[in-house]
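Work through the exercises below with the sequence and the model side by side. Try each task before reading its solution.

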Amino acid sequence: MKKSDRTNFDAVDCFWGNGATANPPSVDIARFWNWEKAQTGNTHPGACMPFGWISALPYSGGYSSGYGIIGASSCDEPPYISDRKGALGISHFHTSGVGFMGYFYNYMLITPSIKGSDISTHSQLTNENPHPGYYAATLQDYGVDFETVCGKFAALHRFKFHADSGRITIDSRNIGLKCPAQKAYFEKVCILNFKMVTPNHWRGFLMANGVMLYFSWRFTADIAAYSLYNGKLTLDINGDTAESLVAFSLVSDAEADKRAEEALKAGFDQVKTTAENAWKKLIDSIRTDFNSADEQEIFYSCLYHSLVKPGDSGNEYIDFHTMWDIYRTQLPLMLAIAPENASDMLYSILKTIDKFGFFPNGYQMCSDYHKHDMQATGLILYTLCDGFFRGLFTAADYPAWKKAVKTELAFGDISNKSHTHKLDLAGALNAVAIVAAQQGDTAFADEMLMKSNVWRKAYDAKTGLLKSDGPYYEGTYWNYSFRPHVNMAQRIALAGGTEGFTRLLDEFFTFTGEYNLAGDRPHNPDHFEGMNNESDMETPYAYIWAGRSDRLAEVLDLIRRCRFTTGDGGCPGNNDSGGLSSWYVWCCLGIYPLTGTKYYLLGSPSVNSAEIDFKGGTLKIEVERESDKAIYPAGYEFNGKAFAEPWLPLDKIEAGGTLKFILRDHPQGASPIPDWL
């Protein structure tokens, strides 16, 4: 598709990644990459603010956000729960792109209808029209058009009934999903208080998943009659229009009422404008030039879906679904282009660690804080260190930061866990050492650096890979054997030097070997998952430590061409709160933030040019190509000065300037190898 004149905001497809994966046919080595996980993005098109706690969308009970026609899946193509889109109304609070979390929200189901509609069965959902911050559609069988927007703490709705009167029903006990799940989950409203203040004002609280949630409903409508039974409120409306809003709080009904008053005073149109402007500001913080409208659409759809979570509840940031998926690419994107939100998030993390004595790998609106401990250890430390590297923390924050670090490390017991936990800690401890040294805390820096040698216990010197005795989560020991971490020179020596390390990488990415696999999406364990999952998403960049930027360029090019596309099937796997979509954003720009370090790695961009607004200044990216097919780096320039190293310090990148990539049609020989890790 040729280039268009659409704005970046208009290029966003809110449906991107919501359906079954429909990637282009795989070519070359990508034909043999492993499809380990579910083949759907599990995103949703609902209304929300950037990093919004509250979201509103049509509720079908589908997996995993509550929207759509996809059923529960953890591998292969997903099943369908219906052959057409339908909904039971509009629900609030939703996961974003995740798989089986165990807790799926979908609170406070509001169903508008004309009298006589059977709201116990799904209405056909038509005329869907979402854009960032806004959603509109028709509930055909219920006889109503609706619009919904979200502010920071309230969701607002407009209804146009296809008759001269209507009805609004609120099910305060609605929760979770309707579709069959592969594992048992137990979501229910355990405590409920729902009372009338006036017929146009209702308030209460509910306890679900161990958390108390306060709410305040307001209605702008001519209410003819009302009834409340077993947590279900029914309002009969005179006239063909009505508006409603619901505000939430985790603190008190008084705070929920205050938030409702503020949203009511602002009104639907102002809340809509505020949400749209917030999204436009973030989306336009990265301005790009691509060759085609399709590339623009994929990029900005990915950018949008990378900025939905975690959510700001006003008291703390929650909905980290999960650190395992987002610490490498999504949170660095947030820290880089949304510094105000990121700063609030970082201070919230310190409070959360102080409250619990650790930071949960999966921190949801529930009391099950140990749910994801088997996945990883100490990942929050990467983000806390990144906060210092980007100047979001200052020297004044160091005492509280150090306390949080020591608290998290005291919790991080890696005994009897996968060898990946040793690599988690090695990278985190090295990052902590860098910050401590930067703050003049030499003794603590030395202690952390010494302890970072734990990585040595993870590898098998005979194979140059991680030890094969598992268990390994969402992959095998191969998927975790190429993570850049402290003492990379010694790690590569274990593999037989750069030649041996390159051979292992080539086998992992299937540059070598004969494969006879059925289908375009093979199960091929011990090989690259090709962005079907996050487990090995940083491993293409390991080629930089082999001096093979050419190989890196080839892998990145194939991922872009074979795994991401437009439309609801555009995501190659569960987007996991922006884990995959943010990776794509960095990949297109040609810069990759190596979390826990003070460096960006340089890849092979697909943009013609770009501008990125960082906290410290605007980075301009220019690309000189030998031809339209050129992908191989032949050198770089920064502010007019030529260099050959495929990396730049983070403080240079984020202070702004001009970075130029020089790309050629053929490989240009060995590239320099970093000596800083």
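Buried means under 20% relative accessible area, exposed means over 50%, and partly exposed lies in between (1.4 Å probe, protein chains only). Helices (H or I, at least four residues) and strands (E, at least two) are DSSP runs, numbered from the N terminus. This is a predicted model, where local features need pLDDT of at least 70, side-chain atom pairs count only at pLDDT 80 or more, and totals for chains, interfaces and linings use all residues. Residues are numbered from 1 along each chain as its sequence is written, and side-chain values use heavy atoms, with hydrogens and water left out.

**Exercise 1. Check the span of helix α13 and its cover.**

Step 1. The expected span of a helix is 1.5 Å times one less than its number of residues.
Step 2. Helix α13 covers residues 549–563, which is 15 residues, so it should span 21 Å.
Step 3. Its end C-alpha atoms are 21 Å apart, in agreement.
Step 4. Now the cover: 14 of the 15 residues of α13 are buried.

**Exercise 2. Which parts of the chain does the salt bridge of Asp141 and Arg84 tie together?**

Step 1. A salt bridge is a side-chain nitrogen of Lys or Arg within 4 Å of a carboxyl oxygen of Asp or Glu. The structure holds 30 of them.
Step 2. Asp141 and Arg84 meet at 3.4 Å, N to O.
Step 3. Asp141 sits in the loop between β7 (134–139) and β8 (144–150), and Arg84 in the loop between β2 (55–58) and β3 (86–87), so the pair ties together parts 57 residues apart in sequence.
Step 4. Asp141 is partly exposed at 41% relative accessible area. Arg84 is also partly exposed, at 38%.

**Exercise 3. Locate the salt bridge of Arg158 and Glu243.**

Step 1. Their side chains meet at 2.9 Å, N to O.
Step 2. Arg158 belongs to strand β9 (residues 154–161) and Glu243 to strand β14 (residues 232–249), 85 residues apart.
Step 3. Arg158 is partly exposed at 24%, and Glu243 is partly exposed at 26%.

**Exercise 4. Trace the partners of strand β23 and of Tyr600.**

Step 1. Two strands pair if DSSP finds at least two bridges between them.
Step 2. Strand β22 (residues 591–593) runs antiparallel to β23 (residues 599–602), with three bridges. Pro593 stands opposite Tyr600.
Step 3. The β22 and β23 hairpin has five residues between the strands, and Gly596 takes a positive phi near 85° there.
Step 4. β23 also pairs with strand β28 (residues 647–649), antiparallel, over three bridges. In β28, Leu648 is the bridge partner of Tyr600.
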